[in-house]
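Reader: I should like to learn how the contact between two domains of one chain is to be read. Please take me through an example.

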Amino acid sequence: MSYLKHIRHDLQDMQAYTVQNATGMVKLDAMENPHHLPEHLQALLGERLGKVAINRYPGNRIDDLKQAIAQHAGLPTGQSLMLGNGSDELISLLSMACQLPGASVLAPEPGFVMYAMSAKLQGLNYIPVSLRDDFELDEPAMSEAIGKHQPAIVYLAYPNNPTANLWDADVIRRLIAQVSSYGGWVVMDEAYQPFSPNTWLHDIQRDPQANAQVLLMRTLSKFGLAGVRIGYMFGRTEVIAHLDKIRPPYNVSVLNAECALFALSHASVFEQQAVDICRERERVSQQLAAMKSVTVYPSQANMFLIRLHGDVDIATRVFEALRAKHILVKNVSKMHPVLHHCLRITVGTSSENDQFLSALKDVLA
Ligand SMILES: *Cc1c(COP(=O)(O)O)cnc(C)c1O
């Protein structure tokens, strides 16, 4: 086994992040925007990308993209932003930045798996705190764990993945105050902001002082550019300046930057797609609510969680049966105890959603 002698033992024991094979499937597993770029925009984008100086390292265009994002998202005064190769990279960079002896990262669970993965990879203690059965934050448990461990970073996904809900804002405010009191950071991860009725940006603008220790993380992935890999993070200028030192200098490629600039200059196309997705979300929810053996939970994102009524393996059986009908969803039933009997379904196009609904009806009949 000498060829693995210099490979970390914890890595060898770790599970890789799995990407399900989706060839030939109606893909409702990864919260992607189901809409394609309209054809005339495809042609325009191709032309633009063709002119990019791919022989050069990324330069000023990255600054143009930062400016365009600042404007698009509304960067608060006194704050700066940094870019990541998706927010996945920003999460890794944050773990690196906080890697002091004994440092820890805390997140509610079930949640986004990269928080735990990047913390563990970086050798930080990872502290999961279970959500309540109704998927709300368990405030006493969160507060106790925060007091005990004083984590460097607390991740709050707003809305959360995979539960698709926005947590109680007053609870979040109290947790931010507690974490701020010892100099910790709260990362508000707004990957689902395009579909959400609320954003923490409003709180930051209303009360910058109370949110001085908050980092606002977003991504263009769910907006419609999952393949392009652009994430961004807002925070106090002095802090972002330090965090940005960890970022590999050319982490955003010229093609990604040009593509994102193109998309932002056609933002209304994507915003219209988000409107359509939200409308579909309500339509599909209503249809699911009418099914006897299904409970559907409210969603403020482009996915929803359903709970199937039946024995312990019902979710896995339904997942497999849907897959056999070429509908790919996410089986989260074994991910965490509060998700027992649950599947997570991404909102697709209206035709994809109809295929899903009809397959589910067949499977449950
Ligand atoms: C999808 C997702 C992300 C990852 O986004 P990328 O920018 O594609 O890396 C981050 N956070 C949450 C909660 C997500 O669901």
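Author: The following turns treat the interface between the two domains of this predicted model.

Reader: Which stretches of the chain make up domain 1 and domain 2?

Author: Domain 1 is assembled from residues 9-38 and 268-364, while domain 2 covers 55-265. Their C-alpha centres are 25 Å apart.

Reader: How is the size of such an interface expressed?

Author: It is often given as the accessible area lost when the parts come together. Here, domain 1 and domain 2 bury about 2500 Å² between them, and carbon and sulfur atoms account for 72% of that area.

Reader: Which residues of domain 1 lose the most area to domain 2?

Author: They are Phe270, Gln300 and Val338, which together supply 25% of what the domain 1 side buries. By contact, 31 residues of domain 1 meet 34 residues of domain 2.

Reader: How many salt bridges and polar contacts are found between domain 1 and domain 2?

Author: The salt bridge count is 0. Polar contacts, in contrast, link 7 residue pairs across the interface, with both partners at pLDDT 80 or more.

Reader: Which elements give two or more residues to the side of domain 1 that touches domain 2?

Author: These are α1 (9-12), α12 (267-289) and β10 (303-308). The largest share, 6 residues, comes from α12.

Reader: How do the residues on that side of domain 1 divide into nonpolar, polar and charged?

Author: The side of domain 1 that touches domain 2 has 19 nonpolar, 6 polar and 6 charged residues.

How values were computed: Residues numbered from 1 in each chain as written. Predicted model: local features only at pLDDT ≥ 70, side-chain atom pairs only at ≥ 80, totals over all residues. Heavy atoms only, no water. Domains from an automatic or database assignment. Contact = heavy atoms within 4.5 Å. Buried area = accessible area lost by both parts, 1.4 Å probe. Salt bridge = Lys/Arg side-chain N within 4 Å of Asp/Glu carboxyl O. Polar contact = N/O pair within 3.5 Å; in protein donor to acceptor, adjacent residues only side chain to side chain. Helix = DSSP H or I, 4+ residues; strand = E, 2+ residues; numbered from the N terminus. Nonpolar A, V, L, I, M, F, W, Y, C, P; charged D, E, K, R; others polar.
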